Amino acid sequence: MRQHLRYLLREDKQMTKTLVEMTAEIIQSQISTREMSTDEIKVALNETFQTLKGLQEAEISGQDAGDDENKPVMDPRKSIQRNKIVCLECGQEFKMLSPKHLKSHGLTSKEYRKKYGFSARQPLCAKSLSERRSKSGKERGLPENLRKAIAARTKKKK
């Protein structure tokens, strides 16, 4: 996405589009491909505008806008939300970060968790999906073998 934004900024030198107009175009194209709530649109507009502004300032000052390539796209603690999880590598939103997607970034789920400071047991999925799975598992009850293993482990500790 950053490369696309850099392209738009370079293109902007030849055209006379403002950052606001470029931001609106980007978000309009996102809205045309997927449904977004009003709040998501507001956040996307703000984040896109700030990114474009930062890229423009970096270009004007002669700095390389790629200096922050290793920084996550957002605060890791805010990336796992109620109905989505944001990939900290590319900024895409998902219900769950699949091993296939993480592999596209050259990471395993274990490496991703370690890189961004998540605990080893943190599910890489939206909170609602995690809760649904937990509830479903509880409704099915514990399998007999697991119940025996827990009882044996408890007995061993005493």
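This report describes the fold, two helices, the aromatic rings, the salt bridges and a surface patch of a predicted model.

## Overall layout

The protein chain contains eight helices and two strands. Along the sequence these elements come in the order α-α-α-α-β-β-α-α-α-α, with the two strands placed between four helices on one side and four on the other. The protein chain has 158 residues, and 25% of them count as buried.

The loop between β1 and β2 (93–94) contains Gly 91. This glycine is partly exposed, because its relative accessible area of 32% lies between the limits of 20% for buried and 50% for exposed. Gly 91 is 17 residues from Met 74 in sequence, and the C-alpha atoms of the two are 7.9 Å apart in space.

## Helix α2

Helix α2 covers residues 19–33, which is 15 residues. From its first C-alpha to its last it reaches 22 Å, close to the 21 Å expected at 1.5 Å a residue.

The buried residues in α2 include Leu 19, Met 22, Thr 23, Ile 26 and Ile 27. These residues are on the same side of α2 because they cover an arc of only 125° around the axis. Val 20, Gln 28 and Ser 32 lie on the other side of α2, where they are exposed.

## Helix α6

Helix α6 runs over residues 109–116, and Tyr 112, Arg 113 and Tyr 116 are buried in it. Their arc around the axis is only 95°, so they sit on the same side of α6. On the other side of this helix, Lys 110 and Lys 114 are exposed.

## Aromatic rings

A pair of aromatic rings is described by how far apart the centres are and by the angle between the planes. There are two aromatic pairs in the structure. One of them joins Tyr 112 and Phe 118, with 6.3 Å from centre to centre and 15° between the planes. This pair counts as stacked because its angle is under 30 degrees.

Both partners are buried, but their values differ. Tyr 112 has a relative accessibility of 0% and so counts as buried. Phe 118 has a relative accessible area of 16%, which is under the 20% limit and therefore also buried. Ring pairs join Tyr 112, Tyr 116 and Phe 118 into a cluster. Two members of this cluster, Tyr 112 and Tyr 116, are among the buried residues of helix α6.

## Salt bridges

Side chains of opposite charge can pair when their charged atoms come close. The structure holds seven salt bridges. In one of them, the side chains of Arg 82 and Glu 131 meet at 2.8 Å, N to O. This bridge links distant parts of the chain, since its partners are 49 residues apart. Arg 82 lies in the loop between α4 (76–79) and β1 (85–86), and Glu 131 lies in helix α7 (residues 127–140). Arg 82 is partly exposed at 45% relative accessibility, and Glu 131 is partly exposed at 42%.

Another salt bridge is found within a helix. Arg 147 pairs with Glu 144, and their closest N and O atoms are 3.2 Å apart. Both residues lie in helix α8, three residues apart, which is about one turn of the helix. Arg 147 counts as partly exposed at 41%, and Glu 144 is partly exposed at 44%. Elsewhere, salt bridges with shared partners join Arg 34, Glu 40, Lys 84 and Glu 93 into one network. Within this network, the side chains of Glu 93 and Lys 84 meet in a salt bridge of 3.1 Å, N to O. Glu 93 is partly exposed at 34% relative accessible area, whereas Lys 84 is buried at 15%.

## A nonpolar surface patch

Leu 142, Leu 146 and Ile 150 form a nonpolar patch on the surface. Together they have about 240 Å² of accessible area. Leu 146 belongs to helix α8, which covers residues 144–157. Its relative accessibility is 37%, so Leu 146 counts as partly exposed. Helix α8 also holds the salt bridge partners Arg 147 and Glu 144.

Methods:
Residues are numbered from 1 along each chain as its sequence is written. This is a predicted model: local features need pLDDT of at least 70, side-chain atom pairs count only at pLDDT 80 or more; totals for chains, interfaces and linings use all residues. Side-chain values use heavy atoms; hydrogens and water are left out. Rings of Phe, Tyr and Trp (its six-membered ring) pair if their centres lie within 6.5 Å; planes under 30 degrees apart count as stacked, over 60 as edge-to-face and the rest as tilted. Buried means under 20% relative accessible area, exposed over 50%, partly exposed in between (1.4 Å probe, protein chains only). The expected span of a helix is 1.5 Å times one less than its number of residues. The arc is that of the directions from the helix axis to the C-beta atoms. Patches are made of residues with over 30% relative accessible area and no salt bridge: like charges are joined within 9 Å, nonpolar side chains (Val, Leu, Ile, Met, Phe, Trp, Tyr) within 5 Å. Accessible areas come from the Shrake-Rupley method with a 1.4 Å probe; for residues, only the protein chains shown count as cover. A salt bridge is a side-chain nitrogen of Lys or Arg within 4 Å of a carboxyl oxygen of Asp or Glu.
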